[in-house]
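Me: I'd like to learn how to read a structure like this one. Could you take me through it step by step?

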Amino acid sequence: MKKIAIFASGTGSNFQAIIDAVKAGCLHLEVALLVCDKPGALVIDKAENENIKTFVFNPKEFENKASFEQEIISVLQENDVDFIVLAGYMRLIGTTLLAAFKNKIVNIHPSLLPTFPGKDAIGQAFRAGVKITGVTIHYVDEGMDTGPIIAQKALELSGEESLAEVEQKIHKIEHGFYPEVLQKYFGEKN
């Protein structure tokens, strides 16, 4: 079975959704590792509760991005990781990691790319008053949410929703859509 590392920086809701899909038998991948760049992030507790190995680092303790990415690569190789799944990892991937895992890094983004890339995509879409937004799953390249799109799911808005309601609807889509797409494109077939 293919092994993945999930990279996350925050609460880990998409991390948990992936774990839950694996446990339910809907996603046939092994989550071998959590990589987190924020010591103290809630996702670390979720990984520990699921007995998943963690690699937690503070980027400020490294000379530069290349040095911490080289350390990450070593840990990924030690754990025989086949590919990387970004789930709320709030850091651009650098050339060191991109070269080592070429076309093997996937991200989820809360908008219909190429619109509203970067941080606060849900807020950007909300403030723009769009009637259709959604979720994009894409390969990671050197740009900010610019890699080739794997799949998208749209969400039609009435215009009556609050920002909190839009966020809730987007997260609900993410938690079902990400495991589904990971299984379709990367999971072991039954």
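Me: Let's start with two helices. In which hand does H5 cross H6, left-handed or right-handed?

Reply: Keep in mind that this is a predicted model. Here H5 passes H6 in a right-handed crossing. The two pack with their axes 10 Å apart, at an angle of about 130 degrees. An angle between 115 and 145 degrees counts as oblique, so H5 is oblique to H6.

Me: Which residues of H5 and H6 meet there?

Reply: On the H5 side you'll find Ile122, Gly123 and Phe126, and they meet Leu163, Val166, Glu167, Ile170 and His171 of H6. By character, this contact splits into five nonpolar residues, two polar and one charged.

Me: And H1 with H2, at what angle do they pack?

Reply: H1 (residues 13-23) and H2 (residues 42-49) pack at about 20 degrees, and their axes are 9 Å apart. Angles under 35 degrees count as roughly parallel, so that's how H1 and H2 are described. Their crossing is right-handed. From H1, Ser13, Phe15 and Gln16 take part, and from H2, Val43, Lys46 and Ala47. That contact has three nonpolar residues, two polar and one charged.

Me: Now the sheet. In what order do the strands lie?

Reply: The general idea first: strands of a sheet pair through backbone hydrogen bonds, either parallel or antiparallel. In this model, seven strands form an open sheet with mixed pairing, and the order is E3-E2-E1-E4-E5-E6-E7. Look at the edges: E3 (53-56) and E7 (149-156) each have a single partner strand, so one side of each is left without a neighbour in the sheet. On average, and ignoring direction, neighbouring strands are turned by 20 degrees against each other.

Me: How many bridges join E1 to E2, and how many join E2 to E3?

Reply: E1 and E2 (residues 30-36) pair in the parallel sense over six bridges. If you want one to find on screen, take Ala5, whose bridge partner in E2 is Leu33. E2 and E3 also run parallel, joined by four bridges. There, Val35 stands opposite Phe55 in E3.

Me: Is E1 buried or exposed?

Reply: Mostly buried: five of the six residues of E1 (residues 3-8) are, so this strand is largely enclosed by the rest of the structure.

Me: Which helices lie on the sheet?

Reply: Two to look for are H1 and H3. H1 lies across E1, E2, E4 (83-86) and E5 (105-109), running at about 170 degrees to E2. H3 (residues 65-78) touches E1, E2, E3 and E4, and its direction makes about 160 degrees with that of E2.

Me: Let's zoom in on single residues. Where is Leu29, and is it buried or exposed?

Reply: You'll find Leu29 in the loop between H1 and E2. A residue counts as buried under 20% relative accessible area, and Leu29, at 1%, is therefore buried. Not counting residues up to four places away in sequence, Leu29 touches Met1, Lys2, Ile4, Val22, Phe83, Leu182, Phe186 and Gly187.

Me: What about Ser111, buried or exposed?

Reply: Ser111 sits in the loop between E5 and H5 (121-128). Its relative accessibility is 0%, so Ser111 counts as buried. Leaving aside neighbours within four places in sequence, Ser111 is in contact with Phe116, Ala121, Thr133, Gly134, Val135 and Thr136.

Terms used:
Residues numbered from 1 in each chain as written. Predicted model: local features only at pLDDT ≥ 70, side-chain atom pairs only at ≥ 80, totals over all residues. Heavy atoms only, no water. Axes fitted to C-alpha atoms, helices over the stretch in contact; angles between N-to-C directions. Parallel < 35°, antiparallel > 145°, perpendicular 65-115°, else oblique. Left-handed = near helix turned anticlockwise from the far one by under 90°. Contact = heavy atoms within 4.5 Å. Nonpolar A, V, L, I, M, F, W, Y, C, P; charged D, E, K, R; others polar. Buried < 20%, exposed > 50% of the residue type's maximum accessible area, 1.4 Å probe, protein only. Pairing = 2+ DSSP bridges.
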